[in-house]
Amino acid sequence: QVQLVESGGGLVQPGGSLRLSCAASGSIFSINAMGWYRQAPGKQRELVATITSGGSTNYADSVKGRFTISRDNAKNTVYLQMNSLKPEDTAVYYCYAIIPSAVGATRRYWGQGTQVTVSS
């Protein structure tokens, strides 16, 4: 089985920074795309950033220029560096990874979520 474990959330003041990590473990041969979603109270889950196995990235307009996604393929880990944080970034952040099985079928796995709160 595959598990994704997140870390790095917390409380930060507006303008501050946080770095989220998400490590995948288990029966992993390779990982395709990885990324982050977030969900604020009363709102739909929103795609924040994605990164392909080759390192191509994509961001939501609301975080462009402030957030940076990266990955360490040797560690099966994806990161989200969040700078210039705003109160509207407050949400539970979920990582995901698209992982093929031994027979080639792919499946999206999710982390447990980590709370990010931006408040003075």
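Here is a quick tour of this protein chain, from its overall build down to a handful of residues. Keep in mind that you're looking at a predicted model. The chain is made of strands, with 11 of them and zero helices. One disulfide is found in the structure, and it joins Cys22 to Cys95.

**The overall build**

- If you walk along the sequence, you'll meet strand after strand, in the pattern β-β-β-β-β-β-β-β-β-β-β.
- The protein chain has a radius of gyration of 14 Å, and a compact globule with 120 residues would come out near 14 Å, so the two agree.
- Along its principal axes, the C-alpha trace spans about 50 × 25 × 25 Å.
- Take the contacts between residues at least 6 apart in sequence: 54% of them join residues at least 24 apart.

**Inside, outside and charge**

- Out of 120 residues in the protein chain, 42% count as buried.
- About 6,300 Å² of the protein chain is exposed, and 47% of that comes from carbon and sulfur atoms.
- The chain carries 11 positive and 6 negative charges, and the mean positions of the two groups lie 4 Å apart.

**The disulfide**

- The sulfur atoms of Cys22 and Cys95 sit 2.0 Å apart in this disulfide.
- This pair ties together distant parts of the chain, as Cys22 belongs to strand β3 (residues 18–26) and Cys95 to strand β9, 73 residues apart.
- Which hand does the disulfide have? The torsion about the S-S bond of Cys22 and Cys95 is about 55°, so the disulfide is right-handed.
- Are its two ends buried or exposed? Cys22 has a relative accessible area of 0%, so Cys22 is buried. Cys95 also comes out at 0%, so Cys95 is buried too.

**Thr114, a buried strand residue**

- You'll find Thr114 in strand β11, which covers residues 114–118.
- Its relative accessible area is 11%, and buried means under 20%, so Thr114 counts as buried.
- Which residues does Thr114 touch, leaving aside those up to four places away in sequence? They are Glu6, Gly9, Leu20, Ala91, Val92 and Tyr93.

**Val103, out in a loop**

- Val103 lies in the loop between β9 (91–100) and β10 (106–110).
- Why does Val103 count as exposed? Its relative accessibility is 78%, and the cut-off for exposed is over 50%.
- Val103 and Val92 are 11 residues apart in sequence, while their C-alpha atoms are 33 Å apart in space.

**Two residues with a positive phi**

- Some background first: most residues other than glycine have a negative phi.
- Asn76 goes the other way, with a positive phi near 50° even though this residue isn't a glycine.
- Look for Asn76 in the loop between β7 (67–72) and β8 (77–82).
- With a relative accessible area of 23%, Asn76 is partly exposed.
- Ser84 is another residue that isn't a glycine but has a positive phi, at about 50°.
- Ser84 is in a loop as well, the one between β8 and β9.
- How exposed is Ser84? Its relative accessible area is 41%, so Ser84 counts as partly exposed.

Definitions and conventions:
Residues numbered from 1 in each chain as written. Predicted model: local features only at pLDDT ≥ 70, side-chain atom pairs only at ≥ 80, totals over all residues. Heavy atoms only, no water. Helix = DSSP H or I, 4+ residues; strand = E, 2+ residues; numbered from the N terminus. Buried < 20%, exposed > 50% of the residue type's maximum accessible area, 1.4 Å probe, protein only. Rg over C-alpha atoms; globule rule 2.2 N^0.38 Å. Contact = heavy atoms within 4.5 Å. Areas by Shrake-Rupley, 256 points an atom, 1.4 Å probe, with all protein chains shown as cover. Lys, Arg positive; Asp, Glu negative; His and termini not counted. Charge placed at Lys NZ, Arg CZ, Asp CG, Glu CD. Disulfide = S-S within 2.5 Å.
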